[in-house]
Amino acid sequence: MRRTDFVLDPGPAGATRLARALVAFLLGLARRLDAPLDDGAVHALRRDLKRARAGLRLVRPALGGRRFRAINLALRDAGRELAGRRDARVLVDTLQRLVAEAELDGDGLAPLATRLRAEWR
């Protein structure tokens, strides 16, 4: 099967409207990043970052390669930061469950749990 790239070329006026909508969407994401993040908020932000990157790909011709790459990399890096938080949370939960199920003394694992909790918050 051959992959087909879909690109929007709405002309200068349409590209301007799309870019403004994307900027408004990104500003909303930035405001949400300043708020306390629970698990649901992290999931929603990662999903919206993926949507923003998809929208960005549609207007790539209007942005130009250099500008597209800069914005795309910033969005990608923001998603990676959130993924680290999510992963730390999963590791903390897994560690607690393993200690409980195996009836282990968790004292030896306390430094690891502390570090993971710090990354999660």
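**Exercise 1.** In this predicted model, determine which residues are exposed on the other side of H2, and explain why the buried residues of H2 lie on one side.

*Solution.*
Step 1. His 43 and Lys 50 are the exposed residues to be named here.
Step 2. The buried residues of the helix are Val 42, Ala 44, Leu 45, Asp 48, Leu 49, Ala 52 and Leu 56.
Step 3. Around the axis of H2, these buried residues span an arc of only 160°, and therefore they fall on the same side of the helix.
Step 4. His 43 and Lys 50 are thus placed opposite that side.

**Exercise 2.** Compare the length of H2 with the expected value.

*Solution.*
Step 1. Helix H2 comprises residues 39-58, that is, 20 residues.
Step 2. At 1.5 Å a residue, the expected span is 28 Å.
Step 3. From the first C-alpha to the last, H2 reaches 29 Å, which is close to the expected figure.

**Exercise 3.** Decide whether Asp 48 is buried or exposed, and state which residues it contacts beyond its neighbours within four places in sequence.

*Solution.*
Step 1. Asp 48 belongs to helix H2.
Step 2. Its relative accessible area is 8%. Buried means under 20%, so Asp 48 is buried.
Step 3. With neighbours within four places in sequence set aside, Asp 48 is in contact with Phe 25, Leu 29 and Arg 32.

**Exercise 4.** Describe the protein chain as a whole with regard to its secondary structure and its buried residues.

*Solution.*
Step 1. The chain has five helices and zero strands.
Step 2. Of its 121 residues, 24% are buried.
Step 3. The chain exposes about 8,800 Å², of which carbon and sulfur atoms supply 57%.

Technical notes. Residues are numbered from 1 along each chain as its sequence is written. This is a predicted model: local features need pLDDT of at least 70, side-chain atom pairs count only at pLDDT 80 or more; totals for chains, interfaces and linings use all residues. Side-chain values use heavy atoms; hydrogens and water are left out. Helices (H or I, at least four residues) and strands (E, at least two) are DSSP runs, numbered from the N terminus. The expected span of a helix is 1.5 Å times one less than its number of residues. Buried means under 20% relative accessible area, exposed over 50%, partly exposed in between (1.4 Å probe, protein chains only). The arc is that of the directions from the helix axis to the C-beta atoms. Accessible areas come from the Shrake-Rupley method with a 1.4 Å probe; for residues, only the protein chains shown count as cover. Contact means heavy atoms within 4.5 Å.
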